[in-house]
Amino acid sequence: MKKSRLVKLTIVSLVVTSVMALNPVGANAEWKKDNHGWWYKSGSSYYTGWKLIDKNWYYFYSNGYMAHDTTIDGYYLNSSGAWTNSVQSSYASDLDSLGQAILSNIRLENASFSIKYNGDINNVGNAIQSEIDKLKYTNPLEAYNVSDYYIQMTSRWGSSDVNVKINCTYKMSAEMASELDSRVKKIVADIAPNSMNQFEKERAIHDWIIKNTQYDQSYTIYDPYNTLIKHSGVCEGYTLLAQKMFTAAGIKSILIEGTADGQSHAWNMVYINGQWHHVDLTWDDPISSRDILRYDYFNLTDNQISKDHSWDTSKYPSAK
């Protein structure tokens, strides 16, 4: 809360281009299938719209059936119905397998793991980077949790099979991520109950984070766990914590990577009542000798926020 415009802008340690948070599903839900397709059942009802299931994102039509092999809201859903990326890869079969292998390991926070890639060894580095960039779209908390990685590759002469070893370091431990999940669910249940509409939930989350968080002027707290526990973080911490809380509240949102006043910055967009809006919690929480809660950057249009924020508009939905 003690922020000036000069210091509230911070570098983002892991570039993320677009992230969408989806509605979580209950533990008692289960997949069902008939001649028409798959749906996801919870009790006596079924899910519609975007849903986060086992850390993969799916879209269900109004009749409950899962979408697949199509594009919804600009996001491509593969044959399994899972959102993989907003643009199909020209060599998706190999890269989808590569991406899933990487994801399955970073979910477990494996410090070192080996995978196989079939293709030109000279393209492995670019292929892995491309897949990690895709995971920044589809699995933001896992992707942001990777603070650094490096790869080693070996291949036999004349063979297209490449053995790849990937070494990762992480920001949050598995225990920290689990505690974050538990704490966020409890907080959201308290401050944004289901009796509220989505706008009311969004505002409650916006207000809670600002009232309980100060800008980290040491520029060392980037992850959502420490931002929550220590009540301090840079813009990446604010934005990831907001993303986590929006998800828990069932609010569809994405993360925007860009600049503000010419410096690297990150903020959120939310999708409420059929419209996208920009919300920048960091800039709504200025450095001050007293606590300040404001709404200068709450639910702005592209035109309004572009006065001091810049981003690649081709990568994100428009807010009108």
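The following dialogue reads the sheets, helices and nonpolar cores of a predicted model.

Visitor: Let us begin with the five-stranded sheet. What is the order of its strands?

Guide: A sheet is read strand by strand across its width. In this predicted model, the open sheet of five strands runs β18-β17-β16-β15-β19, and the pairing is antiparallel.

Visitor: Which strands stand at the edges of this sheet?

Guide: The edges are held by β18 (298-300) and β19 (309-311). Each has a single partner strand, so one side of each is left without a neighbour in the sheet.

Visitor: What is the average twist from one strand to the next?

Guide: The twist averages 45° between one strand and the next.

Visitor: How many bridges pair β17 with β18?

Guide: Strand β17, residues 275-279, pairs with β18 over two bridges in the antiparallel sense. Within this region, H278 lies opposite L300 of β18.

Visitor: Which strands does helix α5 touch, and how is the helix directed?

Guide: One reads both the contacts and the angle. Helix α5 (residues 198-212) packs on the sheet through contacts with β16 (263-272), β17 and β18, and its direction makes about 120° with that of β18. Helix α7 (residues 235-248) also packs on the sheet, where it touches β15 (252-260), β16 and β17. The direction of α7 makes about 15° with that of β16.

Visitor: I turn now to the nonpolar interior. Which residues have the most contacts inside the largest nonpolar core?

Guide: The largest nonpolar core contains 28 residues, and I209 and M245 have the most contacts inside it. Two or more residues each are given to this core by α4 (174-191), α5, α6 (224-229), α7 and β16. The largest share, six residues, is that of α4.

Visitor: Which residues does I209 touch, beyond those up to four places away in sequence?

Guide: With those sequence neighbours not counted, I209 touches Y238, L241, A242, M245 and L281.

Visitor: How many residues are in the second core?

Guide: The second core is separate and has 19 residues, including I132, V146, V162 and Y170.

Visitor: Finally, what is the strand order in the sheet of three strands?

Guide: That open sheet has the order β2-β3-β4, again read across its width, with antiparallel pairing. Its edge strands, β2 (30-34) and β4 (45-46), each pair on one side only.

Visitor: How many bridges join β2 to β3?

Guide: Five bridges connect β2 with strand β3 (residues 37-42), and the two run antiparallel. As one residue pairing, K33 has W38 in β3 as its bridge partner.

Key: Residues numbered from 1 in each chain as written. Predicted model: local features only at pLDDT ≥ 70, side-chain atom pairs only at ≥ 80, totals over all residues. Heavy atoms only, no water. Pairing = 2+ DSSP bridges. Helix = DSSP H or I, 4+ residues; strand = E, 2+ residues; numbered from the N terminus. Axes fitted to C-alpha atoms, helices over the stretch in contact; angles between N-to-C directions. Contact = heavy atoms within 4.5 Å. Core = buried A, V, L, I, M, F, W, Y, C linked by side-chain atoms within 4.5 Å. Buried < 20%, exposed > 50% of the residue type's maximum accessible area, 1.4 Å probe, protein only.
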